[in-house]
Amino acid sequence: MHPNSGVADDVLEMHPYDPHKAEKNIEVGDYYYKMKNYRAAESRYQEALEYKPNDAEATYKLGVSQEIQGKTEEALDAYQGYLKILPDGPHAEEAKTAIERIKNPDAAKSKPESKKEKKKKEKSK
């Protein structure tokens, strides 16, 4: 019996390493995120990771888009993955906060904020 019998061909499709395509997918994902189309953003961040596995930015943004959609287990994996890639990276504190928020949903009931929401809070201070 063939080891892959019964598995669709597209499941086995491999993408060559291509950081340019990964960056383009992140840009398109960011556009969808700004338009509040979180499912499409998630798809683009996942595609970016197919072209450039372990991309810290795509991994973090994937987690954010998944968390907003209520996919907490997937988001948790993404946030933890980000911290493995860049433990002291630019989103490390946000990732740690998100992990705590997911693990202790009663302690903090807020979802991740968009940049626009963060700016509004800063202006009101």
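**Exercise 1.** In this predicted model, work out how helices α1 and α2 are oriented to each other, roughly parallel or roughly antiparallel.

*Solution.* Let's start with what to look for: two packed helices are described by the angle between their axes and the distance between the axes. Here, α1 covers residues 19–34 and α2 covers residues 38–51. Their axes come within 8 Å and cross at roughly 170°. An angle over 145 degrees counts as roughly antiparallel, so α1 and α2 are roughly antiparallel to each other.

Next, look at who meets whom. On the α1 side, the residues include P19, I26, V28 and Y32; on the α2 side, Y38, A41, Y45 and Y51 are among them. The residues of this contact divide into 12 nonpolar, two polar and four charged.

**Exercise 2.** Find which residues of helix α5 are buried, and what they pack against.

*Solution.* First, size up the helix: α5 runs over residues 92–103, 12 residues in total. From first C-alpha to last, α5 reaches 16 Å, close to the 16 Å expected at 1.5 Å a residue. Now pick out the buried residues, which are A92, A95, A98, I99, R101 and I102. Finally, trace their partners: the buried residues of α5 pack against α3 and α4, the latter being residues 72–85.

**Exercise 3.** Decide whether Q66 is buried or exposed, and list its contacts beyond four places in sequence.

*Solution.* Place the residue first: Q66 belongs to helix α3, residues 56–68. Its relative accessible area is 3%. Buried means under 20%, so Q66 is buried. Setting aside neighbours within four places in sequence, Q66 touches E42, Q46, K71, E74, A75 and A78.

Notes
Residues are numbered from 1 along each chain as its sequence is written. This is a predicted model: local features need pLDDT of at least 70, side-chain atom pairs count only at pLDDT 80 or more; totals for chains, interfaces and linings use all residues. Side-chain values use heavy atoms; hydrogens and water are left out. Helices (H or I, at least four residues) and strands (E, at least two) are DSSP runs, numbered from the N terminus. Buried means under 20% relative accessible area, exposed over 50%, partly exposed in between (1.4 Å probe, protein chains only). Contact means heavy atoms within 4.5 Å. The expected span of a helix is 1.5 Å times one less than its number of residues. Axes are lines fitted to C-alpha atoms, for helices over the stretch in contact, and angles run from 0 to 180 degrees between N-to-C directions. Angles under 35 degrees count as roughly parallel, over 145 as roughly antiparallel, 65 to 115 as roughly perpendicular and the rest as oblique. Ala, Val, Leu, Ile, Met, Phe, Trp, Tyr, Cys and Pro count as nonpolar, Asp, Glu, Lys and Arg as charged, and the others, Gly among them, as polar.
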